[in-house]
Amino acid sequence: MRGRNKPWANDFINDNAHLIYNKELEDNKPLTLEVGIGKGDFIIANAKANQEYTHIGVELNTSIFAIAMKKVVNDGVDNIKMLNIKALDLPLHIKENSISKLYLNNIFLSFYIHLDVSFFSHDYLNINNYFVLFLPNFS
């Protein structure tokens, strides 16, 4: 997703560091992972509908990430944690065998994963045979 640089983004992210996912501070809820959260509408709706999970959202673009974080703060959703990283860095931030559900919302990432499925091999993440793939509507 393209987005203009938001000068307030880094300060806002730092001020809301409690929303940044830390694998060492996990709660006992099962985890879902959404890669490519964009402005956060899907993860917020999913978190509200599925309170029994902790939802982790990953977004590379810092400005878009800050917009999503602002929505999470404004909506008061307390079961969302976020990471502003490359998807390829996920194994450094998420414990092995910890993801129950995976949501992909970026068509370019989904094509990449089809080419290199080792990224989500059991050596890194166990998605418990549950895989959800969302592709954009091209109509």
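Author: Two residues are in contact when heavy atoms of theirs lie within 4.5 Å. The model discussed here is predicted.

Reader: Which residues is valine 72 in contact with, leaving aside its neighbours within four places in sequence?
Author: Valine 72 is among the residues with the most contacts inside the largest nonpolar core. With its neighbours within four places in sequence left aside, the contacts of valine 72 are Leu19, Ile44, Val77, Ile80 and Met82.

Reader: Which element gives the most to the largest nonpolar core?
Author: The largest nonpolar core has 16 residues, and Ile44, Met69, Val72, Ile80 and Met82 have the most contacts inside it. Helix 1 (9–15), helix 2 (41–49), helix 3 (62–75) and strand 3 (80–83) each supply at least two residues of this core. With 5 residues, the element that gives the most to this core is helix 3.

Reader: How many residues does the second, separate core have?
Author: In soluble globular proteins, nonpolar side chains tend to be buried together. Besides the largest core of 16 residues, there is a second, separate one that includes Tyr21, Ile56, Leu102 and Leu104. The number of residues in this second core is 14.

Reader: Is isoleucine 80 buried or exposed?
Author: Isoleucine 80 is found in strand 3. Not counting residues up to four places away in sequence, it touches Leu19, Ile43, Ile44, Ala47, His55 and Val72. Its relative accessible area is 1%. Since the cut-off for buried is under 20%, isoleucine 80 counts as buried.

Reader: What distance separates the C-alpha atoms of isoleucine 80 and leucine 33?
Author: Along the chain, isoleucine 80 and leucine 33 are 47 residues apart. In space, their C-alpha atoms are separated by 10.0 Å.

Reader: Within what arc do the buried residues of helix 2 fall, seen down its axis?
Author: The buried residues of helix 2 are Ile43, Ile44, Asn46 and Ala47. Seen down the axis, these buried residues line one face of the helix, because they fall within an arc of 165°.

Reader: Which residues are exposed on the other side of helix 2?
Author: The buried residues of helix 2 are covered by elements including strand 1 (31–35), strand 2 (54–58), helix 3, strand 3 and strand 4 (99–104). On the other side of helix 2, the exposed residues are Asp41 and Ala49.

Reader: How does lysine 6 count at 25% relative accessibility?
Author: Lysine 6 is found in the segment before helix 1. It touches Ser63 and Ile67, not counting residues up to four places away in sequence. Buried means under 20% and exposed over 50%. At 25% relative accessibility, lysine 6 therefore counts as partly exposed.

Reader: How many residues of the lining of the second largest pocket are charged?
Author: The second largest pocket has a volume of about 170 Å³. Of the 13 residues that line it, Tyr21, Asn22, Leu25, Glu26 and Lys81 lie nearest its centre. The lining has 5 nonpolar and 3 polar residues, and the number of charged ones is 5.

Reader: In the chain, what percentage of the contacts with a separation of 6 or more comes from residues 24 or more positions apart?
Author: The chain has 5 helices and 5 strands, and from the N terminus on its elements run α-β-α-β-α-β-α-β-α-β. One contact across the sequence joins lysine 6 to Ile67, a pair 61 residues apart in sequence and 8.8 Å apart C-alpha to C-alpha. Of the contacts in the chain with a separation of 6 or more, the share from residues 24 or more positions apart is 78%.

Note on methods:
Residues numbered from 1 in each chain as written. Predicted model: local features only at pLDDT ≥ 70, side-chain atom pairs only at ≥ 80, totals over all residues. Heavy atoms only, no water. Core = buried A, V, L, I, M, F, W, Y, C linked by side-chain atoms within 4.5 Å. Buried < 20%, exposed > 50% of the residue type's maximum accessible area, 1.4 Å probe, protein only. Helix = DSSP H or I, 4+ residues; strand = E, 2+ residues; numbered from the N terminus. 1 Å grid on protein atoms, 1.4 Å probe; cavity = no way out; pocket = protein on both sides within 12 Å on 5 of 7 lines; lining within 4 Å. Points joined across faces, edges and corners; volume = space filled by probe spheres on them. Nonpolar A, V, L, I, M, F, W, Y, C, P; charged D, E, K, R; others polar. Arc of directions from axis to C-beta.
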